[in-house]
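Me: Hi! I'd like to go through a structure with you, a bit at a time. Can you take it slowly?

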10 protein chains.
Amino acid sequence: MSLETFSNPHPQRDYVIEHVVNEFTSVCPKTGQPDFARIRIRYIPGPKCVELKSLKLYLQTFRNKGIFYEDVTNLILHDLVAACSPKWMRVRSRWSTRGGIHSVITADYGERDV
Amino acid sequence: MSLETFSNPHPQRDYVIEHVVNEFTSVCPKTGQPDFARIRIRYIPGPKCVELKSLKLYLQTFRNKGIFYEDVTNLILHDLVAACSPKWMRVRSRWSTRGGIHSVITADYGERDV
Amino acid sequence: MSLETFSNPHPQRDYVIEHVVNEFTSVCPKTGQPDFARIRIRYIPGPKCVELKSLKLYLQTFRNKGIFYEDVTNLILHDLVAACSPKWMRVRSRWSTRGGIHSVITADYGERDV
Amino acid sequence: MSLETFSNPHPQRDYVIEHVVNEFTSVCPKTGQPDFARIRIRYIPGPKCVELKSLKLYLQTFRNKGIFYEDVTNLILHDLVAACSPKWMRVRSRWSTRGGIHSVITADYGERDV
Amino acid sequence: MSLETFSNPHPQRDYVIEHVVNEFTSVCPKTGQPDFARIRIRYIPGPKCVELKSLKLYLQTFRNKGIFYEDVTNLILHDLVAACSPKWMRVRSRWSTRGGIHSVITADYGERDV
Amino acid sequence: MSLETFSNPHPQRDYVIEHVVNEFTSVCPKTGQPDFARIRIRYIPGPKCVELKSLKLYLQTFRNKGIFYEDVTNLILHDLVAACSPKWMRVRSRWSTRGGIHSVITADYGERDV
Amino acid sequence: MSLETFSNPHPQRDYVIEHVVNEFTSVCPKTGQPDFARIRIRYIPGPKCVELKSLKLYLQTFRNKGIFYEDVTNLILHDLVAACSPKWMRVRSRWSTRGGIHSVITADYGERDV
Amino acid sequence: MSLETFSNPHPQRDYVIEHVVNEFTSVCPKTGQPDFARIRIRYIPGPKCVELKSLKLYLQTFRNKGIFYEDVTNLILHDLVAACSPKWMRVRSRWSTRGGIHSVITADYGERDV
Amino acid sequence: MSLETFSNPHPQRDYVIEHVVNEFTSVCPKTGQPDFARIRIRYIPGPKCVELKSLKLYLQTFRNKGIFYEDVTNLILHDLVAACSPKWMRVRSRWSTRGGIHSVITADYGERDV
Amino acid sequence: MSLETFSNPHPQRDYVIEHVVNEFTSVCPKTGQPDFARIRIRYIPGPKCVELKSLKLYLQTFRNKGIFYEDVTNLILHDLVAACSPKWMRVRSRWSTRGGIHSVITADYGERDV
C-alpha cells in the first residue's frame, strides 16, 4: 500500500495540518495479542500533502503486523516524511492500557510547531 | 455575499477577537458528500473589525460548494484578511470524522498571538 | 476458539456480572473496511460463568471476519448463552462513526435486569 | 431518494437498533437560515431493517429543504415506519441553539422501549 | 407580551417538545439583585404548539421584574398552559448559586411524561 | 437559629423544590476533625416553604458541632419537616473522602418523588 | 480483622447509607498479579450500622489475598450482612482493565433499593 | 455606580487577583435583544485593589445598556484601570451563542501575565 | 499551631512538591459569613519539606478566623516560606462563588516554576 | 526485581516515551496505611529503552514497602536513570487524598522536555 499525495494548494504560507486516527490497531510481536492506539499526525506541508484515503489504507496495513510501539511511531513518521517532504512533522501514538499501564510515543521530524 | 466591517472602536490598543462557528458545512469535491466543521477565527484588529452577521452569511456561502479542507481554511483566512486588514489572524477548522479520521487545519496571517 | 466456563461460585444468589470490552474490531462484509466497537456483556449467571481470558480470545476471532453489526451482537449473545446458560443476558455493541452515523445494537436473552 | 431495507437477520428475537446522526441540517422555512440537529433513531425491527447508507442519503435530502423541527421529526418517523414496519420506533431530534433556546422533539411509533 | 401559538401539525400522535432556555434572568424582590436561571419546558402538545420567538420574548419580560423562584416557575407553567392547552407540561427552573445554595423548582400540569 | 418559612404560594398544585448546599461543614465527634459535605434537600411543599436565608443560617449552626453523618442527615430532615410540614421530603448528604472512602446518606419523609 | 458496628441511631425510619471505596486492591489467584477495584456498598440499616474505620481495615485484609472478582463481591456482601443484619444491601465492585476488558460485579441481599 | 477600592494589603509582592463573573448581561444595541457573557478579570494590583461588592454593582449597570462586545470589554478594562492603577490587567468576555457563533474578546493593560 | 518540617530527603536535585487542599474554610471579616476555598501549594524544597499533617492542622486554624482572600493567600505563603525556606513557592486559592463571582488569588515566592 | 531494557531502536532521533501507571500502591511508613498513586514517566531514550513488563514488576515491588511520597518519586527516577541512561527523564506521582489533601511530586533528570 503506497501513500499518495497531492500538491500543497497553498505553498506560499506555512500552515498546520492535523489528522487524528482513532481506530489504529496492530499486533504485539511478543505476545501475539492485538494492540490498539490513537495516532495523531501534525505537519507543516512542504510541496505535497498526504491524501487522506491513502493514509487510512496505509495505516490499515499494520492491522495484522507484529510491531512494537516505538517502531510503529517512528515508522509512520519515516514513511510520511518520505512521501510528502514536510517542513515539520510530529507523530504521536497513544496506546490502550496493558497491565495497568498505557504508553504514549511522540516523534518529530524537523524543528517547528504551531 | 460580501464581508462587511466596522471601524475598530479601540484602535489605540491591541486586543484579540475570537469567533467560534459550530455550524459550518460544505461539500467534499471528491465524493459529493457533505462535510461539517467547527471554525475558530482569532485576530487582533487593525483599522476594521468583521461584522458578525455578514460573517455568518459569508460562511453559509460554503454550504453547497465543493471544496477541500485546506482550501476552506486558507480561503477564509484570505477573505477575512482582505476585508479587515488585521494585525494578526488565525483560522482553524476542525472537521467531522471520516473513515475513523478527523482533521484540523490551522493557518495564520502575521506573527503574533495572545 | 471455544468459550470456556467455570462453575458459578455463588449459585444460591442472583447477581450480575458485566464485562466491557473496549477493543473489539471486525470487518464490514460490504466494504472490506475494518469496524470498531465497544461490547458490553451483562448477565445473571446460571450454573456457569464465562472465563475472562477465553472471552477475550473468542472476541478476537472476529478480527478479520466480515460480519454486520446486527449479526455480531446476536451471534455473541447466542454463543455466550450456549456456553454458560445464564438466567438472563444482555449484549450491547456500540460502533464507531461511519458517514456521520454511529450505531448501537442491544439484544437480550431472558427477562430480568438489575 | 428512497429508503432501502434488508431482511431482519434475527426476527425470532426482539432487539433494539439505534442510529445516532450527528450531522443533520435543514433550513428554517421562516428565516431561510440553516438549522443543525442531532437525530437519534431507535427501533425494534419487524421483518425489515433500515439500510445505513440509504438512511444517510435519505437524511441528506433535508439539507436544503425548508421545514420545521416538529415536521422533521414526525416525517422521519413516518418514512422509516413506512419503509421497515418496526415493532416500535422512537425518533429524537436535538437542535442547535437559536436565540438562547435549544429544542428537542421526541416522537414514538408503537409502545415498547428497552 | 403575548405568547403566540401555531396549530399542532401532528395532532394524531402524542409526542414531546422540549425547549431549554439558558439565558433567563429576573430580579429578586427582596434584595433587588438579579437572578439567573436555566428554564426547561417539556410538553405533549394538544391542539396548539408554542411559537418559539414569542416564547423568547415572553421570557424576556421577566428581565426587570421582581419575582421569587417558585412564582417564576408556576407562572410560566400557568401562562403556557393557558396559551396552548397541552396534554401534559413540565417546567423546571435551575437557579444560580446564592450564598452557596442553588435551587431547582419543578412544576407539572397533567399526568404523563415520556 | 430557627428555620423560617413562608406560605406556599401555589398550594393548589404539587411541585418540587430542591436546594443544593455545596458548603456544609461540621466536626467529627470521634476525631475532632472537620467534615465537609454537599447537602441536597428536595420536597413537595405543604402549607409552607422553607425560607432560603434562614436555611443557610440553620445549616451554618453545624459548623463547629460534633456530629456523625447519619445524625446530620436525619436531624436536618427532622428539623425541616417540623418547620414546614411538607408532603414529601428527601435529604441527601455526600461527604468528603476519608481514608479513601466517601459516604452518602439519604433519608426520606413521606412517600413520593418526582 | 473483625467488622465493628454501632447501633442504628435512627431505627424508626428506613434510610440508605452508601460507602464508596476507591482504593481496593487484591491479588489475582491465577496470575499472582494485583487487581484494583472501586467498591460501592449501599444498605438500609437494620439494628446496626457498619463502623467506617473497621470497614476500611476489613477491606485492607484483601490486599495480598488471592481471590476472584465474583468471590470478593459476594464475600464482602456476606460478611457485611452477617455483621449488621441490614434490611437491604447491595455491593458493587468495578475492576481495572485487564486485556482490554473491565468487569463490574453486583450482588444484592434483600429486596429494596432507594 | 462608582467602583470602590481598598489599599493593596501586600504591595511589596507582585501577585495575581482573578475575578470570574458568570452572570453578566447587557443589551445588543442593534437588535435590542439581551446578551449574556462570562467576564474574567485578572490583574496584578498596584497601590489599590478593586472591592468585590462594588465590582458586582458596577457590572450590573450594564444590564439594560445597549453596547457591543468589543466596547464592553474595553470599557471594563478602562474603568478598572482608572479605578485601581494595576501593574497589569486582562479582561476577557465570553459571549453566548448567537446565530451559531460565540465570541470571546480579550484586552490587556500593561505587559505581564503569571 | 506550628508548621512542622522534615529534612529534604533529596536536596541534591530540584524537584516540585504540590499539595492541593480541597477543604479550606475561613470567615469573611465583613459579613461574618463562612468562605470556602481550594488551596494549591507548589514548591521546590530547599533544606526542609513541610510535614503534611501539620500543614492540615495549620490550615484548620483559619476555620473561624475573619480574614480576606488576599490575606489568606499571602499569609499562607509567608508562613510556609518562613517554615521551610523553599527555593520557590506558589500559593493559589480558589474561592466559592459569592454574588455570582468567584475569585482566584495567586502569590509567588522566588522565581522558578516547573 | 531488576529493570530490564532493550536497545533503543531509533537512536538517531530524539523522541519521547511516556508510561502512565494507574495502579501504583505503597505503604505509609508512619501510619502503616496503604497509599495509592498514579505514576507518569516521560523520557527521551538514550542507548536503551525500559522494557514494559519489567517496569510493571519493578513498580509492584513497592506494594508492601513503607516509603514516603518524595522518596518513591526520586527513587523511581534514580532507578530508571540507572537502568537506561536517558537523555532526559521526568517522573511524576499523584497521590490519593489523605485528610482532604492530595499531593503531586515531580522530579526531573536532565534538561529537556517536548
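Reply: Happy to! Let's start with a term: copies are superposed by least squares on the C-alpha atoms of residues with pLDDT of at least 70 in both. The pLDDT comes in since this is a predicted model.

Me: OK, so what turn lays chain H on chain B?

Reply: A turn of 72° does it, with a shift of 0.0 Å along the axis and an RMSD of 0.0 Å. That is how chains related by a five-fold axis fit together.

Me: Why talk about a turn and a shift at all?

Reply: Because two copies of a chain are related by a rotation about an axis and a shift along it.

Me: Got it. How many residues does each chain bring to the contact of H and B?

Reply: Chain H brings 12 residues and chain B brings 16 residues. On the side of chain H that touches chain B, helix H2 (69-84) and strand E6 (101-109) of chain H are the elements that give two or more residues. E6(H) has the largest share there, 7 residues.

Me: And what classes are the residues on that side of chain H?

Reply: They divide into 4 nonpolar, 6 polar and 2 charged.

Me: Which strand of chain B is joined to E6(H)?

Reply: Strand E2 (residues 15-27) of chain B, through 7 bridges, and the two strands run antiparallel. To find one spot in that pairing, look for B:His19, which stands opposite H:Ser103 in E6(H).

Me: Let's move to chains A and B. What does each of them put into the contact?

Reply: There, 12 residues come from chain B and 16 residues from chain A. Helix H2 (69-84) and strand E6 (101-109) of chain B each give two or more residues to the side of chain B that touches chain A. E6(B) gives the most to that side, with 7 residues. By class, that side of chain B has 4 nonpolar, 6 polar and 2 charged residues.

Me: How do the strands run there, parallel or antiparallel?

Reply: Strand E2 (residues 15-27) of chain A and E6(B) run antiparallel, joined by 7 bridges. One pair to look at is A:Val20 with its bridge partner B:His102 in E6(B).

Me: Which chains don't touch?

Reply: Chain E and chain G are one such pair, with their nearest C-alpha atoms 21 Å apart. Chain B and chain I also have no contact, and their closest C-alpha atoms lie 21 Å apart.

Me: New topic: which residues of helix H1 in chain E are buried?

Reply: In H1 (residues 52-60) of chain E they are E:Leu52, E:Leu55 and E:Leu59. They cover an arc of only 55° around the axis, so they sit on the same side of H1(E).

Me: What covers them?

Reply: The cover includes strand E6 (101-109) of chain D, along with strand E2 (15-27), strand E3 (34-44) and strand E4 (48-50) of chain E.

Me: Last one. What is phi of A:Ser85?

Reply: Phi of A:Ser85 is near 45°, a positive value in a residue other than glycine. Most residues other than glycine have a negative phi.

Me: Where does A:Ser85 lie?

Reply: In the loop between helix H2 (69-84) and strand E5 (88-95) of chain A.

Me: Is A:Ser85 buried, exposed or partly exposed, and why?

Reply: A:Ser85 is partly exposed, because 15 other C-beta atoms lie within 10 Å, and partly exposed is the class between 12 or fewer (exposed) and 20 or more (buried).

Key. Residues numbered from 1 in each chain as written. Chains lettered and ligands numbered in written order. Predicted model: local features only at pLDDT ≥ 70, side-chain atom pairs only at ≥ 80, totals over all residues. Helix = DSSP H or I, 4+ residues; strand = E, 2+ residues; numbered from the N terminus. Arc of directions from axis to C-beta. Contact = placed C-beta atoms within 7 Å. Nonpolar A, V, L, I, M, F, W, Y, C, P; charged D, E, K, R; others polar. Pairing = 2+ DSSP bridges.
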